[in-house]
Amino acid sequence: MVSRLDELVGFEPLSPGHSACAGCGAMIAVRQVLLAVPQPYIVVNATGCVEVVTTQYPNTAWRVPYVHVAFENAAAVASGIEAALRVLKEKGLARDHRVVVIAGDGGTADIGLQALSGALERRHSFLYVCYDNEAYMNTGIQRSSLTPHGAWTSTTPFGKAGPKKDLIAFAVSHGVPYAATASPYFWKDLANKVRKALTFDGPTFLHVLAPCNRGWRFDPSLTMRIAKLAVETRYFPLYEVEEGKYRINYFVSRPRPLEEFLRLQERFSYLLRPENAHLLEELKREVEARWEGLVRLAGS
Amino acid sequence: MLLNSLLMTGNEAAAYAVKQSDVDLITAYPITPQTTIVEKLAEYVGRGDVKAAMVLIESEHSALSACIGASAAGARVFTATSSQGLAYMHEVMYVASGLRLPIVMAVANRALSAPINIHCDHSDIMGSRDSGWVQVFCEDPQDVYDNVVKAFRLAEDPRVLLPVAVNFNGFTTSHSCEPVAVLPDEEVRRFLPRRERHRLSYDEPMTIGGFALPDAYFESKVEQEKALRAAGRVFTEVEELYPNSESKRGAIHAEWTGGRVKLICMGDVAGSLRHFVKTQRLQDIFDVLSVRLFRPFPRRRLIELLNDAELVVVMDRSLSPGAVSPPLVSEVKSALYDAGFRVPVWSVVYGLGGKPVTLRKIGRLLGEAERGVREREARSRRILLR
């Protein structure tokens, strides 16, 4: 268990000087995840913000082996690496590496879903991390299937209609040994989940909420506050599913009003207009239903 | 060297070559007419004849993506596909070559939808002809076997480091049995030594697949093309080094030269053309030039062979809708123009969607060509050999 910062691995996988926006939740999440992964490991990255801000030729921010191939196939690329390394190791042609996949919500829940499903079903051993900033931020804030109900994006000017996909349920339906959500504000929880995930042989899945000040329209200084409020309002519950058993890691018995999370973000201004009170109600009902469903699954 | 001769289909020959090539990862998705390659390989891996990971994957896009990942990790990898599967891979084919990764892929050529059709033509690979891959065409199962073995050596050559597509006709080659002279296992091993190359490793962390702004992008594409051009020279070297000297056929296979009419084609139709010309004893009129290396295109060799041409007849097994000419004719005409040759070129499109090329059709075509050259008909023509 990690309980102090100095218990994290001392090796910084990312060098400073990359071109992510100030206050980028995705880069904070990625750094936290990788600090918790014991070396040696290989990073497989889907096309997206993290790839673009870290790999501009001739520079790279990566101090660990890193590969980016395309948008929709990170899980397939990781499958190839993992399967190949097993054989190369047997033949004495390579050493063992863990494989960590980093992909955004679009690269995971939309265009990358087929490759992910295949890789999970084939039981390749890797940790798949989805950094969820709830829209296609790299291309200019278009809606994804993980954009929340009522949120503005550049392709949903009057709010997205319908709830976000349940990624953990998707992973669990493939029988993965371990799947969990995490928030960069709760870094110990996040780091321990990474450590735990890597103890399993087979695919494990981490869904990390990654506030994006550009897309969610908030001041860069508020990233952590928003990451915290997402959990405390029950908007993004912290839980894990270990061998099919659900456990809520941060039980929110007295949630803060959802509006505290929403009001800090310009993307919800349409939703928060008095004439759109029904949208707000729908989102609240969805958040509550998600929590109640989770409580039932966790039997707590 | 005494070689063992085995009766094999083109697909079995491909699988046998892979079995002997010490591959580390095989991955593919079922598609007719490629499927029996992977079925055979699954049997070899299952029996322990091949020490490779067999990744039975959920799509062709993922198959090639897994090859890219595995090759980037330093593995020797193989996949196979056809038609729609190749089209589905199209996006990542450019990534495989752009990242300079050796990958060998067998392509049992098949027509593209719509209408859906499982039989042979070359529209699948022609859709990806500018993807930066080395592209080899085979005439028969023997050629398939030899080319798959050679492809690993070619792909892994430090001057090349590019993926190689080994093309052969769906069904007429992939499913036709012929005797194939195979090398002993240890000869193949010796022919395919492991070579150090860039790869993902903790010991030397490397970023593979970063993004490039216009200046760097342009330069990287120029360098990539140099490597593909170098593959032409390396192809010849690899043929020289290949232990079975009888299988040396060259980038353009010409069994004989000296005819006034040059028939240029790719794939197993070369066999039918040769058979017709030989049985009719027309060698002093017709040369059969089978293009075995399509990318990089062996233009110098072609010009040498066309030096004494009075008429060039180019057989394409795909269309390039709306273009000046179908793919192979375009290559030939460009090469001729650059060399300053003015010779009539007939463009023949044949065999789309598996339409059989009978000896009667060949006879009719050659008859017209013979008349054309006799009457010194100087114009170019377009013929649909239906």
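## A salt bridge at the start of chain A

In this predicted model, A:E12 is partly exposed, with a relative accessible area of 25%, and its side chain meets that of A:R31 in a salt bridge with an N to O distance of 2.5 Å. The pair links distant parts of the chain, since A:E12 belongs to the segment before α1 (25-35) of chain A whereas A:R31 sits in helix α1 of chain A, 19 residues apart. A:R31 is likewise partly exposed, its relative accessible area being 40%, and because a residue counts as buried only under 20% and as exposed only over 50%, both partners fall in between.

## A salt bridge within one helix of chain A

A second ion pair of chain A is formed by A:K193 and A:D189, whose closest N and O atoms are 2.9 Å apart. Both residues lie in helix α7 (residues 187-197) of chain A, with four residues, or about one turn of the helix, between their positions. A:K193 is buried, because its relative accessible area of 2% is under the 20% cut-off.

## A hairpin in chain A

Strand β7 (residues 239-242) of chain A pairs with strand β8 of chain A in the antiparallel sense, over four bridges, and within this pairing A:E240 stands opposite A:R247 of β8(A). Two residues lie between the strands of this hairpin, where A:E243 takes a positive phi near 45°.

The side chains alternate along β8(A), which covers residues 245-248. A:Y246 and A:I248 point to one face and are buried, while A:K245 and A:R247 point to the other face and are not buried.

## The interface of chains A and B

The contact between the two chains draws on 39 residues from chain A and 43 residues from chain B, and together the chains bury about 3100 Å², of which 63% is on carbon and sulfur atoms. A:K91, A:Q114 and A:R122 supply 15% of the area that chain A buries against chain B, more than any other three residues. Four salt bridges are counted between the chains, one of them joining the side chains of A:R95 and B:D203 at 2.7 Å, N to O. Across the interface there are also 19 residue pairs in polar contact, with both residues at pLDDT 80 or more.

On the side of chain A that touches chain B, the elements that give two or more residues are α2 (49-54), β2 (66-68), α3 (74-90) and α5 (113-121) of chain A. The largest share, nine residues, comes from α3(A), and the residues of this side divide into 22 nonpolar, 11 polar and six charged. Strands also pair across the chains: β2(A) and strand β9 (residues 207-208) of chain B run parallel and are joined by two bridges, with A:V67 standing opposite B:I208 in β9(B).

## A buried aspartate in chain B

B:D24 lies in the loop between α1 (10-20) and β2 (25-28) of chain B, where B:D24 is buried, with a relative accessible area of 0%. The side chains of B:D24 and B:R194 are joined by a polar contact of 2.7 Å. Leaving aside neighbours within four places in sequence, B:D24 is in contact with residues of both chains, among them A:V87, A:L88 and A:K91 from chain A and B:K51, B:G74, B:R76 and B:R194 from chain B.

## A covered strand and its partners in chain B

In strand β12 (residues 286-291) of chain B, six of six residues are buried. Both faces of β12(B) are covered, with B:F286, B:V288 and B:S290 on one side and B:D287, B:L289 and B:V291 on the other.

Strand β10 (residues 252-254) of chain B pairs with β12(B) in the antiparallel sense over three bridges, and B:A254 has B:L289 as its bridge partner. Strand β11 (residues 261-265) of chain B instead runs parallel to β12(B), to which five bridges join it, and there B:K262 is the bridge partner of B:D287.

## Salt bridges in chain B

The count over all chains comes to 56 salt bridges. In chain B, the side chains of B:R295 and B:D130 meet at 3.4 Å, N to O. B:R295 lies in strand β13 (residues 293-295) and B:D130 in the loop between α5 (123-126) and β6 (134-137) of chain B, so the pair ties together parts that are 165 residues apart in sequence. B:R295 counts as buried at 10% relative accessibility, whereas B:D130, at 54%, counts as exposed. Salt bridges that share partners also join a set of residues into one network, including B:E139, B:D143, B:K150, B:R249 and B:R292.

Definitions and conventions. Residues numbered from 1 in each chain as written. Chains lettered and ligands numbered in written order. Predicted model: local features only at pLDDT ≥ 70, side-chain atom pairs only at ≥ 80, totals over all residues. Heavy atoms only, no water. Contact = heavy atoms within 4.5 Å. Buried area = accessible area lost by both parts, 1.4 Å probe. Polar contact = N/O pair within 3.5 Å; in protein donor to acceptor, adjacent residues only side chain to side chain. Nonpolar A, V, L, I, M, F, W, Y, C, P; charged D, E, K, R; others polar. Pairing = 2+ DSSP bridges. Buried < 20%, exposed > 50% of the residue type's maximum accessible area, 1.4 Å probe, protein only.
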